[in-house]
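Q: I have a model open and would like to learn how to read it. Could we go through it together?

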Number of protein chains: 2
Amino acid sequence: MKATPLLLCTTDADFEARFQQRLHWSAATDAAIEQRVAEILADVRARGDAAVIEYTQRFDGLQVEGMAGLELKQDELKAAFDGLPEVQREALQAAAARVRRYHEAQKRASGESWSYRDEDGTLLGQKVTPLDRVGIYVPGGKAAYPSSVLMNALPAHVAGVGEIIMVVPTPRGERNALVLAAAYVAGVTRAFTIGGAQAVAALAYGTATIPKVDKITGPGNAYVASAKKHVFGTVGIDMIAGPSEILVLADGSTPPDWVAMDLFSQAEHDELAQSILLCPDAAYIEAVQASIDRLLPEMPRAEIIAKSLNGRGALILTRSMEEACAISNRIAPEHLEVSSSEPMRWEPLLRHAGAIFLGAYTSESLGDYCAGPNHVLPTSGTARFSSPLGVYDFQKRSSLIEVSEQGAQTLGRIASVIAHGEGLQAHARAAEMRLASS
Amino acid sequence: MKATPLLLCTTDADFEARFQQRLHWSAATDAAIEQRVAEILADVRARGDAAVIEYTQRFDGLQVEGMAGLELKQDELKAAFDGLPEVQREALQAAAARVRRYHEAQKRASGESWSYRDEDGTLLGQKVTPLDRVGIYVPGGKAAYPSSVLMNALPAHVAGVGEIIMVVPTPRGERNALVLAAAYVAGVTRAFTIGGAQAVAALAYGTATIPKVDKITGPGNAYVASAKKHVFGTVGIDMIAGPSEILVLADGSTPPDWVAMDLFSQAEHDELAQSILLCPDAAYIEAVQASIDRLLPEMPRAEIIAKSLNGRGALILTRSMEEACAISNRIAPEHLEVSSSEPMRWEPLLRHAGAIFLGAYTSESLGDYCAGPNHVLPTSGTARFSSPLGVYDFQKRSSLIEVSEQGAQTLGRIASVIAHGEGLQAHARAAEMRLASS
């Protein structure tokens with residue numbers, strides 16, 4: 001098996017076209033899926049628990065008498081944790097502690113209420129409060145990742161969310177002990193073994209058993225993504241994720257094997273994942289390709305890695321590190337490794353990325369699991385306008401305004417003029433009534 | 001003409017049902033509009049400027065030779081400002097200065113980059129950067145509000161957005177001088193006289209003339225709302241707004257005329273706007289109804305006000321102020337006035353609201369125009385999970401991680417255990433390669 005990412009050079013005449021072609025990805029919108037999801041949502045909204053039980057039986061082959069059969073009780077989560085080997089228990093707890101610490105710093109830095117007063121005593125500010133109740137969607141099957149449970153639940157916890165409701169499908173009753181253990185470590189409030197559009201519907205509308213939430217986060221398949229888009233507005237949702245991506249900016253100072261393995265670690269997710277290397281050193285690119293050739297046969301997931309690298313990977317020779325940074329900004333990658341001996345020289349040039357991994361020791365996989373920052377990141381170039389999942393996604397803000405009697409005199413005159421200009425006379429009168437001379 | 005909001009009492013046996021019925025509102029999704037919008041988006045994406053010119057002629061009756069005829073140049077914006085009466089120029093500038101000051105405080109409080117280092121030298125943090133280019137949709141016709149130009153453009157400016165592209169339809173060539181002047185005051189980069197789904201498409205995909213933006217904010221009609229939902233993902237969008245709402249919590253200490261006028265100032269927006277009063281004092285509710293009766297005939301927009309109050313308004317007698325606060329939390333109103341002599345006593349009980357106006361002097365209209373906070377607020381109960389438009393909507397975050405050689409030893413072991421547990425061996429190997437003993 002061979003993995004040969006597309007080799008490009010920015011000085012090639014056809015670089016732009018081939019680069020664009022390789023980058024291209026668009027979410028296929030499938031009208032049949034949309035239609036099916038709309039029906040499931042309407043049905044769960046109308047029939048509640050009964051519909052949830054039926055769909056779970058039909059899609060997950062899970063036969064239960066009632067909703068109690070679809071709930072994971074706290075003692076089951078704890079038992080899953082207690083049943084793990086000690087090394088896994090410790091790793092989950094260590095990762096959770098670091099993720100929690102990072103998000104606590106995030107809350108202190110950007111998630112606290114604030115206010116100030118004008119000289120006339122008028123108070124202006126913003127009150128930051130947690131959401132009451134959120135739902136976390138955790139995929140079952142091959143992409144059931146305990147780390148995702150931590151990354152979704154812990155920021156909600158740190159934000160102060162009162163109740164965290166987890167849903168995780170268990171096709172044919174197969175439970176993932178690590179996922180259940182992670183739910184225990186992360187302090188999930190309630191957990192249900194349901195999935196798909198029916199789980200999203202249950203969380204968005206509520207049923208007799210499943211509490212209606214204010215926001216739903218977490219990744220899922222095409223049905224889940226479509227359902228989340230549908231219920232957006234009734235509840236909040238996080239981003240709709242595309243395939244995962246890594247971009248490595250290399251100056252040639254990192255061992256080529258390390259960079260090859262970092263490209264693999266993205267490619268092993270799935271065939272549509274994208275791994276790109278940008279480097280101004282042709283000999284180093286050759287060395288990385290040699291590492292790929294040598295290391296690939298050892299990898300258990302070699303087939304997926306090869307398909308991903310052959311279909312969507314690229315090794316791009318640039319004129320300079322500056323040019324590499326500029327290209328990176330055009331891509332706005334989900335994961336950006338600055339594999340350089342002077343990462344802080346390049347960091348200020350990097351404007352758009354979900355997460356920036358600085359220096360040779362910062363492999364993306366350390367960030368994925370336990371460095372602390374969130375691994376739920378904007379994909380497909382959406383880092384141009386969106387952010388990693390964070391405490392701020394589980395908080396909302398209310399403006400605070402207390403106009404003093406004196407302040408009402410100044411503000412009332414301004415408001416009156418603009419309101420009359422907009423033809424909104426009641427707005428104007430409401431302001432004018434507060435004027436002392438009125 | 002009479003305006004008689006529904007009178008409810010929380011002790012009534014049928015309170016819950018009647019309360020729910022009055023609150024109910026849902027965005028009608030019109031399949032015909034969806035289909036038409038999808039066609040317009042695809043057409044503008046394929047044909048660019050030519051399609052924009054055609055749709056603008058068809059829908060706005062605006063005949064132009066080329067795209068130059070659809071651009072408002074800076075000198076036209078300035079001329080509109082210079083042509084205003086001095087009192088309007090001053091009011092716009094005073095409002096802009098206050099809105100800018102508030103959003104600068106918001107940026108300092110919650111929008112700055114931060115980082116910390118572990119004892120082993122590992123750096124963790126988040127870099128906050130502005131979006132490169134945003135689009136602001138400003139409705140034309142009856143809802144053309146200069147204040148909305150300020151409220152959308154100024155936070156983008158304060159965030160540091162490089163280019164702010166405004167679109168505003170001018171049906172049959174009618175330009176609103178106050179809107180153009182507000183664009184001048186707010187420092188809009190470029191402005192085009194286009195609207196509808198075609199304007200959203202032009203901003204989302206870009207044309208030869210209209211620059212592709214990273215995010216689109218601002219209110220619009222059903223076509224605009226549908227188009228924004230469609231392009232979500234290609235670009236960022238702000239919330240999809242429902243009808244405007246005010247909730248007044250009154251303890252009976254504010255002059256009833258003031259409260260009546262505050263209810264009017266919401267109701268005059270449109271027939272679907274909702275004005276609700278919650279008060280534990282039956283005599284005060286009667287006094288507010290008397291004020292409504294006396295003041296309504298004076299109002300130029302009396303007809304709209306009456307329709308809104310009769311169709312969607314409510315005066316609710318509660319057992320106590322505490323109960324009024326609890327009901328307010330269930331509604332999660334866009335605008336919440338605490339018309340009380342001790343507003344700070346009730347403020348801590350109020351968990352969900354777009355903006356909270358504290359005390360008798362803080363009429364909503366002061367906040368709408370010039371107090372400083374943004375008037376783009378979450379509607380229809382979405383204050384449960386979303387926030388006022390703010391500087392944070394025009395910024396995005398990138399996680400920063402620099403793992404030290406020493407840090408890689410601790411983190412690598414944790415990551416390796418979890419990665420093997422998830423069956424992602426390349427993730428594990430990438431971490432293990434950084435271990436000194438490897």
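Q: How are chain A and chain B related?
A: In general, a rotation about an axis and a shift along it relate two copies of a chain. In this predicted model, a turn of 180° with a shift of 0.0 Å along the axis lays chain A on chain B at an RMSD of 0.0 Å (least-squares superposition on C-alpha atoms of residues with pLDDT of at least 70 in both). That is the relation of a two-fold axis. The same surface serves both copies, as 100% of the contact residues of chain A recur in chain B (contact: heavy atoms within 4.5 Å).

Q: Which residue of chain A comes closest to the rotation axis?
A: A:Ser110, whose C-alpha is at 2.0 Å.

Q: How should I note what was counted?
A: Local features need pLDDT of at least 70 and side-chain atom pairs 80 or more, while totals for chains, interfaces and linings use all residues. Side-chain values use heavy atoms, without hydrogens and water; residues are numbered from 1 along each chain, with chains lettered from A and ligands numbered from 1 as written.

Q: In what order do the nine strands of the open sheet run?
A: Strands of a sheet pair through backbone hydrogen bonds, parallel or antiparallel. Here the order is E1(A)-E12(A)-E11(A)-E10(A)-E13(A)-E14(A)-E15(B)-E4(B)-E3(B), with mixed pairing (at least two DSSP bridges per pair; strands are DSSP runs of E, at least two residues, and helices of H or I, at least four, numbered from the N terminus). E1 (6-9) of chain A and E3 (114-117) of chain B each have a single partner strand, so one side of each lacks a neighbour in the sheet.
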